[in-house]
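Here is a briefing on a single chain, grouped by topic. Keep the structure open while you read.

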Amino acid sequence: SGKLHTIETGAKYIFRRNSSDNRFYEAEGASENYAYNENRSSEYRHLNHILSAYAGYTLKYKGFTFKPGLRYEQTIQEVKYLVGPGENFDSNFSDLVPSVSLGIKLGKTQNLRGGYNMRIWRPSIWFLNPYLNDSNPAHVTQGNASLESEKSHAFNLSYSNFTQKFNINMSLNYSFNNNGIERVTSLMNDKDIPGLTSHTGKEVLYSTYQNIGKSSYLGLSGYVNWNASPKTRVYLNL
């Protein structure tokens with residue numbers, strides 16, 4: 001660390017343990033007795049390990065600031081079904097998350113800033129679970145254990161000028177995502193659905209999840225304030 005240069009590093013570990021115990025009881029004939037039905041009950045354990053390491057560097061020279069950073073995340077998910085028809089599965093994610101920011105002081109009252117950052121979103125077990133649910137024979141659903149983390153990229157550029165009489169702040173933002181997780185439903189012969197053991201030979205709906213979503217966002221915002229006189233103020237929001 002020094003007047004011009006600053007280096008920072010860090011590490012973090014998160015452990016999450018979720019569990020669910022759903023027990024289903026049904027009446028025995030016309031009696032008031034209820035019996036436990038293991039086939040229609042569910043009990044699972046969901047373990048989530050997240051390890052991350054971060055490194056950042058800052059350069060400050062006169063009115064110039066430059067700050068790049070890089071974060072690495074390793075996620076390990078383990079799901080075990082103790083009761084019920086679910087299938088045990090594991091899912092791991094490795095992600096590099098970069099960021100960078102730049103600031104330039106154009107004068108005593110003017111500043112120009114820009115930057116880039118990436119955000120990730122890891123799919124939950126509801127999207128990942130490969131269990132083939134055919135409780136509704138006309139609409140079979142299944143998760144996808146091969147899903148990747150969603151990655152969103154964001155860029156920003158802003159200009160500001162603040163004086164006693166005149167203030168202006170303009171900001172331009174753009175972001176995009178090319179691998180969003182979306183539910184995909186197809187009409188297909190149930191004989192062509194992998195893992196389905198009970199076939200009818202009919203066309204059924206089959207739903208799963210894939211990284212096929214694409215989205216983009218462009219935004220411009222601004223604020224202008226003019227103190228025309230001690231009793232008059234004109235301002236504009238864009």
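**Leu-147 and the nonpolar cores**

Beyond four places in sequence, Leu-147 contacts Phe-93, Pro-123, Phe-127, Leu-128, Ile-181, Tyr-209, Gln-210 and Asn-211. The model is predicted. Leu-147 also belongs to the largest nonpolar core, which has ten residues in all.

- The other members of that core are Tyr-44, Val-79, Tyr-81, Phe-89, Phe-93, Ile-125, Leu-128, Ile-181 and Tyr-209.
- At least two residues of this core come from each of strand 5 (64-83), strand 6 (89-105) and helix 1 (125-128).
- Another core, of six residues, lies apart from it. Its members include Ile-193, Leu-196, Val-204 and Tyr-206.
- In soluble globular proteins, nonpolar side chains tend to be buried together.

**Overall build**

- The chain holds one helix and twelve strands.
- From the N terminus, the order of elements is β-β-β-β-β-β-β-α-β-β-β-β-β.
- The radius of gyration is 27 Å, well over the 18 Å that the globule rule gives for 238 residues, so the chain is more spread out than a compact globule.
- The C-alpha trace spans about 85 × 45 × 40 Å along its principal axes.
- Of contacts between residues at least 6 apart in sequence, 61% join residues at least 24 apart.

**Surface and charge**

- Of the 238 residues, 29% are buried.
- The accessible surface of the chain is about 15,700 Å². Carbon and sulfur atoms account for 53% of it.
- There are 25 positive and 19 negative side chains. The centres of the two sets are 26 Å apart.

**Buried sites in strands**

- Ser-91 sits in strand 6. Its relative accessibility is 3%, under the 20% cut-off, so Ser-91 counts as buried.
- Not counting residues up to four places away in sequence, Ser-91 touches Thr-75, Ile-76, Gln-77, Leu-128 and Ala-145. Leu-128 is one of the residues of the largest nonpolar core.
- His-46 is in strand 4. With a relative accessibility of 8%, His-46 is buried.
- His-46 touches Arg-16, Arg-17, Asn-18, Gln-77, Glu-78, Val-79 and Ile-125, leaving out residues up to four places away in sequence. Val-79 and Ile-125 are among the residues of the largest nonpolar core.
- His-46 and Ser-19 are 27 residues apart along the chain, and their C-alpha atoms are separated by 6.0 Å.
- Gly-115 lies in strand 7 (residues 110-121). Its relative accessibility is 17%, and Gly-115 counts as buried.
- Leaving aside neighbours within four places in sequence, Gly-115 is in contact with Val-100, Ser-101, Ala-154, Phe-155 and Asn-156.
- Gly-115 and Glu-182 are 67 residues apart along the chain, with 29 Å between their C-alpha atoms.

**A partly exposed strand site**

- Asn-211 is in strand 11. At 22% relative accessibility, Asn-211 is partly exposed, because the buried class stops under 20% and the exposed class starts over 50%.
- Its contacts, leaving aside neighbours within four places in sequence, are Leu-147, Glu-148, Asn-179, Gly-180 and Ile-181. Leu-147 and Ile-181 are among the residues of the largest nonpolar core.
- Asn-211 and Leu-238 are 27 residues apart in sequence and 35 Å apart in space, C-alpha to C-alpha.

**Loop sites: buried or exposed?**

- Asp-190 is in the loop between strand 10 (166-189) and strand 11 (203-229). Asp-190 is buried, with a relative accessible area of 3%.
- Not counting residues up to four places away in sequence, Asp-190 touches Leu-196, Ser-198, His-199, Thr-200, Gly-201, Lys-202 and Val-204. Leu-196 and Val-204 are among the residues of the six-residue core.
- Asp-190 and Pro-137 are 53 residues apart along the chain, and 8.9 Å separates their C-alpha atoms.
- Lys-62 is in the loop between strand 4 (42-61) and strand 5. Its relative accessibility is 77%, and Lys-62 counts as exposed.
- Phi of Lys-62 is near 55°, a positive value in a residue other than glycine.

How values were computed:
Residues numbered from 1 in each chain as written. Predicted model: local features only at pLDDT ≥ 70, side-chain atom pairs only at ≥ 80, totals over all residues. Heavy atoms only, no water. Helix = DSSP H or I, 4+ residues; strand = E, 2+ residues; numbered from the N terminus. Rg over C-alpha atoms; globule rule 2.2 N^0.38 Å. Buried < 20%, exposed > 50% of the residue type's maximum accessible area, 1.4 Å probe, protein only. Contact = heavy atoms within 4.5 Å. Areas by Shrake-Rupley, 256 points an atom, 1.4 Å probe, with all protein chains shown as cover. Lys, Arg positive; Asp, Glu negative; His and termini not counted. Charge placed at Lys NZ, Arg CZ, Asp CG, Glu CD. Core = buried A, V, L, I, M, F, W, Y, C linked by side-chain atoms within 4.5 Å.
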